[in-house]
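Morning, everyone. I have one structure to show you today. Let's put it up and walk through it.

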Amino acid sequence: MDYFHRLSMIDIHIDLDERASQQNMEIIFFKTYFDKVSTGRKKGFRAESAIPVYGNEYLIADAVCMLQTPNRKELFAIEMYRWDDTQRVHKSLFHHLQALAEGQPSKLFGLEYGSRVLCIFELENYKKMAMKRLLEDSRFASGKNHFLFKSLEELELNVFEGWELFDGEKTNLF
């Protein structure tokens, strides 16, 4: 299962890189959960995409990416979901909501403005189920503009435009 998840992450990276190159933009970095960095401890490694949340706790995003756009640097956490377990998706995105509320992703990479979470689903119906679940949770209301949704098929057609917020409103990446 992790094999196909990793392949999807590599495909996402390739799609983003190709589109950025076509638009004369640059991917400053693309860090994934399967790339490891030393913690400086004897046996310590952690995912390169780890975002500190509280104390020694980390949120492990599937990927963290910074894109240099014509206007400014844009920071994105990327989550790839290959299943229909809405409860698991909701829990994962709630951790992102908490990190965003504290400004952790932006602080980690020295930005003075917010970042976004790109939620990419293997299938369209998985995406719709997750969007509905977030819409039903009032805790997400204030963070609505920070969570963008697409299916893998939609992403392959257009990386930057045509994203959806969880209430169905259309938006672009930046």
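Start with a pair of strands. Strand β6, residues 63-68, is joined to β7 by 6 bridges, and the two run antiparallel. Keep in mind that this is a predicted model. β6 and β7 make a hairpin, with 4 residues between them. For one facing pair, look at L67: opposite stands E74 in β7.

Now the other neighbour of β7. Strand β8, residues 116-121, is joined to β7 by 6 bridges as well, but here the strands run parallel. Find F76, and its bridge partner in β8 is R116. So how covered is β7, residues 73-81? Mostly: 8 of its 9 residues are buried. A general point about strands: in a regular one, side chains alternate between the two faces of the sheet.

Next, the interior. The largest nonpolar core has 28 residues. Which of them touch the most other members? They are L93, C119, F121, F147 and F149. Several elements supply at least two residues each: β6, β7, α2 (86-102), β8, α4 (124-135) and β9 (147-151). Our hairpin strands are both on that list. The largest share comes from helix α2, with 5 residues.

Let me zoom in on C119. What does C119 touch, leaving out residues up to four places away in sequence? E79, Y81 and L93 are on the list. So is a run from F147 through L148 and F149 to K150. W163 completes the set.

There is another core, apart from the largest one. This one has 25 residues, and L16, F30, V159 and W163 are among them. Note W163 there: C119 touches W163 too.

Now zoom out to the protein chain. We have 5 helices and 11 strands. Buried residues make up 48% of the 174 residues. Take contacts with a separation of 6 or more: 60% of them are between residues 24 or more positions apart.

What about overall size? The C-alpha trace spans about 45 × 40 × 35 Å along its principal axes. For 174 residues, a compact globule would have a radius of gyration near 16 Å. The chain has 15 Å, so the value agrees with a compact globule.

Last, the surface. The accessible surface comes to about 9400 Å². Carbon and sulfur atoms account for 48% of that area.

To recap: β7 pairs antiparallel with β6 and parallel with β8. All three strands supply residues to the largest core. That's my tour. Thanks.

Note on methods. Residues numbered from 1 in each chain as written. Predicted model: local features only at pLDDT ≥ 70, side-chain atom pairs only at ≥ 80, totals over all residues. Heavy atoms only, no water. Buried < 20%, exposed > 50% of the residue type's maximum accessible area, 1.4 Å probe, protein only. Pairing = 2+ DSSP bridges. Core = buried A, V, L, I, M, F, W, Y, C linked by side-chain atoms within 4.5 Å. Contact = heavy atoms within 4.5 Å. Rg over C-alpha atoms; globule rule 2.2 N^0.38 Å. Areas by Shrake-Rupley, 256 points an atom, 1.4 Å probe, with all protein chains shown as cover.
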